[in-house]
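User: I would like to learn how to read the features of a model such as this one, step by step. Could you take me through them, giving the general idea before the particular case?

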Protein chains: 2
Amino acid sequence: MPSLSPSQHLASGRTAFLFDLDGTLVDNVYEHVLAWREALSVIGGELPAWRVHRGIGMSGGLLSAELLRATGQALTDAQIERLQDLHGEAFARLRDRLRPLPGARELLAYLSDTGVPWAIATSGRRENAQPALELLDVPDHVPIVSREQAAHAKPDPDLFLAAAEALDVAIGDAFIVGDSLWDLLAARRAGALGIGLLGGGIAADELQRACPYRIYDDPADLLRHIDQVGIRA
Amino acid sequence: MPSLSPSQHLASGRTAFLFDLDGTLVDNVYEHVLAWREALSVIGGELPAWRVHRGIGMSGGLLSAELLRATGQALTDAQIERLQDLHGEAFARLRDRLRPLPGARELLAYLSDTGVPWAIATSGRRENAQPALELLDVPDHVPIVSREQAAHAKPDPDLFLAAAEALDVAIGDAFIVGDSLWDLLAARRAGALGIGLLGGGIAADELQRACPYRIYDDPADLLRHIDQVGIRA
């Protein structure tokens, strides 16, 4: 765990934002759910979609392990790797036109215009994130931390710690914005405050279990209430 | 509303079960979510998947109206009809192998073996329900009430009232089992106790808002706790 400097946490004018990507800024979680369920069934596992849904947001490796464990199968590294490949294939097949979540582009542009540092930290691989980054008009200078750049993905805090480091901000000065319990639990382990969004289909009542600082519907709703998280234009 | 006879409600030996189908007994809600989102986008509306998800379980007509209203579009009957057709096409394309939810077949067989009357009441059309009924080995004598047989679908109580009538049981003697808020709200309007299941991806915390009698993970979990709802083998 990094050392925190409590006296200066989240002081006005110092706040940074670390965003999850899938389900937080782009609307693709339901496709991920069906792709994981299908991948699992190919290797002989059966889990209903709602249980798969609750694992989305974890690293692919952890999710694979959790899904296989839930089906009562013993795990081999080869199985976990195959499951991730199968998920990638099924996801590519299911993928419809990629959509930003409401207000995603506007929120990011507002933070840039206001001089608030922000970064993206995704449990996915960089190449898989690329279409979303283009859709969201993410400027080249914004740090993108993807799966390859951390030893452990969410709910470990590594991805978010790396994103704060890339911005050269203290993690305690950052809000972590995500749609899954795993984002919000990673925020707590990182020593940052979490902000939950509903775009991944996990309801506010369920996200509340990870005790985020605030919960908003989507990036547009967060932008409308941006003064609640200490940003002043 | 039918008149109730409170003194005999849910007395041991009189209980009946009225089941919703999609998301309660079979695992197909996530496909419905993506199909509705796609249908809506074809006619120029955009709603994120998580918002569409919260409308699943309503009648197709009500859901169409709600989705269109949420996108700020004026509604015409022709648009609502077209949206339902588009949903049907997208759903057929997305539909993977149909899976029962865990314990669905076993629960229905147990009720039949124990002599507990049960029926199915679905907001969908009869022809759309047929594959699920075959998958679940539903015997021919079990009443199936589908959209065509009621003036109003959920959250109106009509479908469940018709199912109770088909079983010749008082609605107050029935448990209504469903995965959506709309099932559980229809149960309250019908004057029956609701049982929530999680197979549609709406979490227990969220279902709780409709105040069901009990919530279980899936039909297997309900079967393991069947004595909690007054069934004795």
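Analyst: What follows goes through the symmetry, the interface, the sheet and some backbone details of this structure, which is a predicted model.

User: How are chain B and chain A related, by what turn and what shift along the axis?

Analyst: In general, two copies of a chain are related by a rotation about an axis and a shift along it. Here chain B is laid on chain A by a turn of 180 degrees with a shift of 0.0 Å along the axis, and the RMSD is 0.0 Å. That is the relation of a two-fold axis. Within chain B, the C-alpha nearest this axis belongs to Asp205(B), at 2.8 Å from it. Both copies use the same surface, since 100% of the contact residues of chain B recur in chain A.

User: How many residues are in contact between the two chains, and what area is buried between them?

Analyst: The contact involves 32 residues of chain B and 32 residues of chain A. About 2,600 Å² is buried between the chains, and carbon and sulfur atoms give 50% of that area. On the side of chain B, the residues that lose the most area to chain A are Tyr30(B), Arg37(B) and Trp50(B), which together account for 27% of what that side buries.

User: How many salt bridges does the rule find across the interface, and which residues does one of them join?

Analyst: The rule finds 14 salt bridges across the interface of chain B and chain A, while the structure holds 26 over all chains. In one of them the side chains of Arg37(A) and Glu31(B) meet, with 2.7 Å from N to O. Another salt bridge joins Asp27(A) and Arg37(B), whose closest N and O atoms are 2.9 Å apart. This pair crosses between chains, with Asp27(A) in the loop between strand S1 (16-19) and helix H1 (29-42) of chain A, and Arg37(B) in helix H1 of chain B. Counting polar contacts between the chains gives 20 residue pairs.

User: Which elements give two or more residues to the side of chain B that touches chain A, and how do the residues of that side divide?

Analyst: The elements concerned are helix H1 (29-42), helix H2 (49-53) and helix H9 (204-207) of chain B. H1(B) provides the largest share, seven residues. By residue class, that side of chain B divides into 15 charged, 13 nonpolar and four polar residues.

User: Turning to the fold of one chain, in what order do the strands of the sheet in chain A run, and is the pairing parallel or antiparallel?

Analyst: Chain A has an open sheet of six strands in the order S3-S2-S1-S4-S5-S6, and the pairing is parallel. Strand S3 (144-145) and strand S6 (214-216) of chain A are the edge strands, each pairing on one side only. Inside the sheet, strand S4 (residues 174-178) and strand S5 (residues 193-197) of chain A pair in the parallel sense over four bridges, and Gly178(A) has Gly196(A) in S5(A) as its bridge partner.

User: Where is there a cis peptide bond, and which residue has a positive phi although it is not a glycine?

Analyst: Most residues other than glycine have a negative phi, and most peptide bonds are trans. In chain A, Lys154(A) and Pro155(A) are joined by a cis peptide bond, with omega about 10 degrees, and Pro155(A) lies in the loop between S3 and helix H7 (158-167). In chain B, a cis peptide bond likewise joins Lys154(B) and Pro155(B), with omega about 10 degrees. Asp168(A), although not a glycine, has a positive phi of about 60 degrees; Asp168(A) is located in the loop between H7 and S4 of chain A.

Notes: Residues numbered from 1 in each chain as written. Chains lettered and ligands numbered in written order. Predicted model: local features only at pLDDT ≥ 70, side-chain atom pairs only at ≥ 80, totals over all residues. Heavy atoms only, no water. Least-squares fit on C-alpha atoms with pLDDT ≥ 70 in both. Contact = heavy atoms within 4.5 Å. Buried area = accessible area lost by both parts, 1.4 Å probe. Salt bridge = Lys/Arg side-chain N within 4 Å of Asp/Glu carboxyl O. Polar contact = N/O pair within 3.5 Å; in protein donor to acceptor, adjacent residues only side chain to side chain. Nonpolar A, V, L, I, M, F, W, Y, C, P; charged D, E, K, R; others polar. Pairing = 2+ DSSP bridges.
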